[in-house]
Amino acid sequence: MRAILLGPPGAGKGTQAKLIQERFRVPHISTGDLLRDAIRRQTELGRAAKQFMDRGELVPDPLVVDMITERVREPDCQGGFVLDGFPRTVAQADAFERMLAGRKLHVDHVLSLSVPREELIRRLSGRRTCRGCGALFHVVFDPPQQPGRCDRCQSELYQRDDDREETIRARLDVYERQTAPLLDYYRARGLLRSIDGVGGAAAVNARLLAQLDGWS
Ligand code: AMP
């Protein structure tokens with residue numbers, strides 16, 4: 001299965017991508033995670049990306065397209081993948097489609113999660129991420145048993161720099177301007193399925209799987 005999860009920041013793409021990964025045994029590829037990893041490792045890509053990410057802006061298309069092209073060529077992607085956070089512009093979607101077509105492949109599903117803006121701000125401003133395993137928590141909706149510690153691996157939880165309120169608003173604006181046009185792009189290709197992203201992860205996952213009914 002080659003699937004794309006679309007939706008604004010905070011819509012639950014990461015959470016749902018992890019569930020798809022478990023259910024369909026395809027790797028979950030998050031361009032945000034790959035970029036944050038590049039920043040931690042202080043690579044050339046990481047240094048170039050950081051300035052954009054800190055402002056809540058998109059990293060330039062060529063950098064992200066090269067990064068994802070390299071990633072999906074890895075052996076674990078042979079049976080497919082679920083993308084979270086890519087593509088984010090029509091130019092990225094075009095480049096990705098061309099790259100796959102060159103290998104006689106195509107995207108099977110584009111799943112779009114929709115959540116109202118005020119709910120996205122509530123979710124993102126309370127979001128905490130585990131430094132060790134990447135697990136996600138929320139200070140109100142899904143608090144860890146011990147404040148500041150991951151339930152799974154006991155590592156420290158942190159707030160992403162771009163999950164602060166001012167940057168959140170900038171990221172939501174960027175989504176509306178640059179990423180939302182992808183809904184029409186994939187609708188025109190007959191690939192888009194829209195899912196109501198409001199509610200708990202399990203409820204949203206049930207809706208999402210219903211859209212994939214019959215796919216194994
Ligand atoms: P995310 O973890 O998906 O919310 O992404 C965090 C940040 O990484 C975004 O605000 C962008 O600055 C950058 N980023 C992630 N994916 C992309 C992409 N496909 N294109 C450009 N920038 C991206």
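Is Glu57 buried, partly exposed or exposed, and what is its relative accessible area? In this predicted model, Glu57 is partly exposed, with a relative accessible area of 36%, and its side chain takes part in a salt bridge that is described further below.

## Overall architecture

The chain contains 9 helices and 8 strands. Its radius of gyration is 17 Å, close to the 17 Å that the globule rule gives for 216 residues, so the chain is as compact as a globular protein of that length. Taken along the principal axes, the box filled by the C-alpha atoms has dimensions of roughly 50 × 40 × 35 Å.

Of the 216 residues in the chain, 47% are buried. When contacts with a separation of 6 or more are considered, 68% of them are accounted for by residues that lie 24 or more positions apart.

## The surface and a nonpolar patch

The chain exposes about 11,100 Å², and carbon and sulfur atoms supply 49% of that area. On this surface, Val139, Val140 and Phe141 form a nonpolar patch, and together these residues have about 300 Å² of accessible area. One member of the patch, Phe141, is found in the loop that runs between strand 6 (136-138) and strand 7 (157-158).

## Salt bridges

The structure holds 19 salt bridges, among them one between Asp54 and Lys50, whose closest N and O atoms are 2.6 Å apart. Asp54 and Lys50 are 4 residues apart in helix 3 (residues 44-54), and they are therefore separated by about one helical turn. Asp54 counts as partly exposed at 37% relative accessibility, and Lys50 is likewise partly exposed, with a relative accessible area of 35%.

The partner of Glu57 is Arg55, and the side chains of these two residues meet in a salt bridge with an N to O distance of 3.1 Å. Arg55 is partly exposed, with a relative accessible area of 43%, while the value for Glu57, as given at the start, is 36%.

## A buried partner and a network

A further salt bridge links Asp76 with Arg71, with the closest N and O atoms 2.8 Å apart. Asp76 has a relative accessibility of 39% and counts as partly exposed, whereas Arg71, at 15% relative accessibility, counts as buried because it falls under the 20% limit. Elsewhere, salt bridges that share partners join Arg127, Arg160, Asp162, Asp163 and Arg171 into one network.

Terms used: Residues numbered from 1 in each chain as written. Predicted model: local features only at pLDDT ≥ 70, side-chain atom pairs only at ≥ 80, totals over all residues. Heavy atoms only, no water. Patch = residues over 30% accessible without salt bridge, like charges linked within 9 Å, V, L, I, M, F, W, Y side chains within 5 Å. Areas by Shrake-Rupley, 256 points an atom, 1.4 Å probe, with all protein chains shown as cover. Salt bridge = Lys/Arg side-chain N within 4 Å of Asp/Glu carboxyl O. Helix = DSSP H or I, 4+ residues; strand = E, 2+ residues; numbered from the N terminus. Rg over C-alpha atoms; globule rule 2.2 N^0.38 Å. Buried < 20%, exposed > 50% of the residue type's maximum accessible area, 1.4 Å probe, protein only. Contact = heavy atoms within 4.5 Å.
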